[in-house]
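Subject: Structure handover

Dear colleague,

Here is the structure for your files. My notes on what was found in it follow below.

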Amino acid sequence: MTRPFVVCGPGTGLLFKAGPASRVYTREMEAKMAVRILVGAAWGDEGKGKIVDFLSEQADIVVRFQGGANAGHTVQIGEQEYILHLIPVGILRPDKTCVIGNGTVIDPEALMEEIEMLGSHGIDVEGRLFISHNAHLIMPYHKLIDRVGEEQRQEEERIGTTGRGIGPAYADKAARKGIRIVDLHDHGVLKEKLQRNIEEANRILDAIYQAEAFDADRIIEEYLAFARQIGPYVINTSEYLNDAIDDGKEILFEGSQGTLLDVDHGTYPYVTSSNTTTGAACMGAGVGPTRIDEVIGVAKAYTTRVGNGPFPTEFPSRWGDEFRRMAGEFGATTGRPRRCGWFDAMVVRYAVMVNGIDSLALARLDTLDSLQTLRLCVGYRLNGDVIPHLPNDANVLARCEPVYEEMEGWDRPTGHIRTWSELPVKARAYIERVAELVKTDVKIISVGSHRDATIFL
């Protein structure tokens, strides 16, 4: 046998787990089991927070598997807006459990601020939030190196980092000198590792950036205090999640950033420092790929990106500024203005391919309500020729010109609509064309920031 499960035919409804602790699942239990991954299908900021919140109603556990406090997931519940950076959005539902997996990098200060913010709104996380003992920690020197490194680049060479220390923390992880949460429980090991790392960071900061040195003893005391605070949340999350899947729990993996920011598959070097695509959910949570049932992508009805890098469908400056103000397109983490442009089917079709996306959630359709004419990018022209695929080279992508297809706008509000049949005919035509171009079904349509402003097909 090459797989841990044997399915006894589509008509039997039985699923046997191999091994000494064999378990028989009834058809009803199998129907309930669902392990889903939700990922961004562009450059991030696609509206994943609201879609995760919507889908988490049906989930038992919501899992964050990569990135750090550089993410910003915004959820509107009634009149209250929540912006979460590290803790999964599912925490906003009182009966859900949330997991921060080993693939994330955790800033203790940001984590504790987020826990306190939730507590101030009456949301208790203890007993509902679990953090992997193998997750790596962001240190103060990571954040400083991140900021001063970006500042000293030439303007045209800047990546657009949030300055939260994400990249340097992942660099230390790859160099096998990172500090993990498990290290917090052995004070001797923690002190030894931190002293070595801080001495090295101070040499770099002095020689290259002429920045002030860090006090190793002060940082050690701060992180020992954090060890006491975080203790109740730390477990082996891989075992926890695999046991939950065995027990038929519904699991939702919450991706941060977006496909085009993936360090391997994105518009490198204008990317984040982690893998944002579906494979990272398995690596970043310790769950095997054979246990994933469905992949859902999220894309806006138009396109945005934050930071530098190629963006073929970007609006001209004046129109872009007007659209940004009208749409409220400013980063949830940094407040930076987002660059805005027309829907890019080349980008989303690429995301469907590399993630294995089964269906798409189309966010912020209502933002297009007042536009008379809409454009869809259906291809790129490079050196006079139409090319069939998204270029992997960011420099080549920067030279691509979008090939547009125009459609009439519906010029009617959609924020109050809750069913497909109520949508204006021209809005339905737009959505159907998007689905055709990106080669997957659109199953969820968001027409506003509130939970109920959602059409589920």
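Which residue in strand 20 is the bridge partner of Tyr380? It is Ile387. Please bear in mind throughout that this is a predicted model.

Strand 19 and its partners

Tyr380 and Ile387 belong to a pairing between strand 19 and strand 20 (residues 385-387), which is antiparallel and has three bridges. The two strands make a hairpin, with two residues between them. Asn383 sits in that turn and has a positive phi of about 55°.

Strand 19 (residues 373-382) also pairs with strand 17 (residues 343-344); here the strands run parallel and two bridges join them. In this pairing Phe343 is placed opposite Leu376 of strand 19. A further partner of strand 19 is strand 21 (residues 401-408), in the antiparallel sense, with eight bridges. Arg375 faces Glu406 of strand 21 there, as the residue opposite.

The 10-stranded sheet

A separate heading is needed for the open sheet of 10 strands, in which the pairing is mixed. The strand order is 12-10-8-5-13-4-14-18-22-23. Strand 12 (234-235) and strand 23 (454-456) are the edge strands, each paired on one side only. Helix 2 (residues 48-56) packs on this sheet. The strands that helix 2 touches are strand 4 (34-40), strand 5 (61-64), strand 13 (250-254), strand 14, strand 18 (359-363), strand 22 (441-446) and strand 23. The direction of helix 2 makes about 165° with that of strand 4.

Some pairings within the sheet, taken from its two edges:

- Strand 12 pairs with strand 10 (residues 129-132) in the parallel sense, over two bridges. Val234 in strand 12 has Ile131 opposite.
- Strand 23 is joined to strand 22 by three bridges, and the two run antiparallel. Ile455 in strand 23 has Ile445 opposite.
- Strand 22 pairs with strand 18 as well, in the parallel sense and over four bridges. Asp441 in strand 22 has Ser359 opposite.

Strand 22 therefore shows both kinds of pairing, as strands of a sheet pair through backbone hydrogen bonds, either parallel or antiparallel.The cavity

How many cavities of 30 Å³ or more are there? The count comes to one. The space in the largest cavity is about 60 Å³. Its lining is made up of Ala42, Gly44, Glu46, Ala299, Lys300, Tyr302, Thr303, Thr304, Phe343 and Val348. By class, the lining has five nonpolar, three polar and two charged residues. Strand 14 (294-300) and strand 15 (303-305) each contribute at least two residues to the lining. Strand 14 is also part of the 10-stranded sheet, and helix 2 touches strand 14. Phe343 appears in the lining and is also the residue opposite Leu376 of strand 19.

Overall

The protein has 13 helices and 23 strands. Its radius of gyration is 23 Å, close to the 23 Å that the globule rule gives for 457 residues, so the protein is as compact as a globular protein of that length. Along the principal axes, the C-alpha atoms fill a box of roughly 65 × 60 × 45 Å.

Regards

Key. Residues numbered from 1 in each chain as written. Predicted model: local features only at pLDDT ≥ 70, side-chain atom pairs only at ≥ 80, totals over all residues. Heavy atoms only, no water. 1 Å grid on protein atoms, 1.4 Å probe; cavity = no way out; pocket = protein on both sides within 12 Å on 5 of 7 lines; lining within 4 Å. Points joined across faces, edges and corners; volume = space filled by probe spheres on them. Nonpolar A, V, L, I, M, F, W, Y, C, P; charged D, E, K, R; others polar. Pairing = 2+ DSSP bridges. Contact = heavy atoms within 4.5 Å. Axes fitted to C-alpha atoms, helices over the stretch in contact; angles between N-to-C directions. Rg over C-alpha atoms; globule rule 2.2 N^0.38 Å.
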